Each structure stands twice: as structure tokens, then as C-alpha cells.
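Me: Please take a close look at the salt bridges in this structure, and describe with care which partners are involved and where they sit.

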Amino acid sequence: MTEWIRPRGHDVAVLFSRRSRDAYAAEAAARGETYTFTDAWGRPRTWLKGDHAYLAPSGASVLLARCNLKHDVVEEADLTDAWLADCRALLIPNAAHLSSETIGRIERWLPGPGRHLIVTGRPISRPVCSASFLPRRRR
């Protein structure tokens, strides 16, 4: 596991979805929206162009850090009911390919007191969640 992607006990978290990242990479490859270059060590590297680059979790983490909000970056595989129990805010940046288990876990977590969910990303043509993910109207 990457050192910066791990639970550290903070009650605000950014979700990193390896599944979404891999789906965006496959989509970019299928559309020919990648480019290859040689790195400083002479190795070929392939990068994704435009919206396919899964940079949103890093961007969300930088935003929280600049606001001096301590937070965790948590992989989807590490997002358990027990871990979510202590979480008061969850950011899901551009992760349109979450597993149904993850969606269900978040739907069970969200109605608890003082819990907040922020979801960002580009529009997609298919629904990926149920109505409980829709914004609540303030009264």
C-alpha cells in the first residue's frame, strides 16, 4: 500500500478508488487518449490525457491540507463499516466506478448524526447509486 493512502485515525477522509482509476485508464487506452514518453531513467512511461487522469483524490487531499484539515486518504478496499463509524466527512472525488458493496456501506453510514458526504466528478450516462446519495434539501 502506498504510504500516503492509509487510515491514520482522522475523522475526515478522501476516498481513493483503485477500481475507478483502472476503469478510467482502460477507457483512455481504448480511445487512444494516452501518451508515452521516456522518463529520466530511460524507461518508457504511459500517461493518461485529460479527464482520464485520476488526479481528483490528490487534488481533494491538497485542498483539505491547505485548509489545515487533517484527513486520511483511504482506499476503497480499506473502507469498512468500523472505519466509517468514526468518520464525520467523506469526500468521493471523481469515482464513478465504486463497487456496490462500497455504495451500500456509504448509504448505511450517511444517515448517522453529523455525517457529511461530498461527491464530485464528471457526469456519466448510467446511474451508479441510489437516491440516498442525492443532496438533501435544507429547510
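Reply: What follows goes through the salt bridges one by one and then turns to the surroundings of their partners.

The model is a predicted one, and a search of the whole structure finds eight salt bridges. One of these joins Glu75 to Arg18, with the closest N and O atoms 2.9 Å apart. Because Glu75 belongs to strand S4 and Arg18 to helix H1, which covers residues 18-31, this pair ties together parts that are 57 residues apart in sequence. On the one side, Glu75 is buried, its relative accessible area being 10%; on the other, Arg18 counts as partly exposed, at 33% relative accessibility.

A further salt bridge links Asp81 with Arg108, and here the closest N and O atoms are 3.5 Å apart. Since Asp81 lies in helix H3 and Arg108 in helix H4, the pair ties together parts that are 27 residues apart in sequence. Asp81 counts as partly exposed, with a relative accessibility of 43%, whereas Arg108 is exposed, its relative accessible area being 54%.

Salt bridges that share partners also join Asp39, Arg43 and Arg45 into one network. Within it, Asp39 pairs with Arg45, the closest N and O atoms being 3.1 Å apart. Asp39 is buried, with a relative accessible area of 13%, while Arg45 is partly exposed at 34% relative accessibility.

Arg45 also appears in another setting, for it is among the residues that line the second largest pocket, together with Tyr35, Thr46, Trp47, Leu48, Ala53, Tyr54 and Leu55. This pocket has a volume of about 210 Å³, and strand S3, residues 44-48, gives the most to its lining, with four residues. The lining divides into six nonpolar residues, one polar and one charged.

The elements that carry the other two pairs can be placed against the nonpolar interior. The largest nonpolar core has 26 residues, and those with the most contacts inside it are Leu79, Trp83, Leu84, Cys87, Leu90, Ile92 and Trp109. Among the elements that each supply at least two residues of this core are strand S4 (72-75), helix H3 (81-85) and helix H4 (100-109), although the largest share, five residues, comes from S1. Trp109 touches Leu84, Cys87, Arg88, Ala89, Leu90, Arg115, His116 and Leu117, when residues up to four places away in sequence are not counted.

Methods: Residues numbered from 1 in each chain as written. Predicted model: local features only at pLDDT ≥ 70, side-chain atom pairs only at ≥ 80, totals over all residues. Heavy atoms only, no water. 1 Å grid on protein atoms, 1.4 Å probe; cavity = no way out; pocket = protein on both sides within 12 Å on 5 of 7 lines; lining within 4 Å. Points joined across faces, edges and corners; volume = space filled by probe spheres on them. Nonpolar A, V, L, I, M, F, W, Y, C, P; charged D, E, K, R; others polar. Core = buried A, V, L, I, M, F, W, Y, C linked by side-chain atoms within 4.5 Å. Buried < 20%, exposed > 50% of the residue type's maximum accessible area, 1.4 Å probe, protein only. Contact = heavy atoms within 4.5 Å. Salt bridge = Lys/Arg side-chain N within 4 Å of Asp/Glu carboxyl O.
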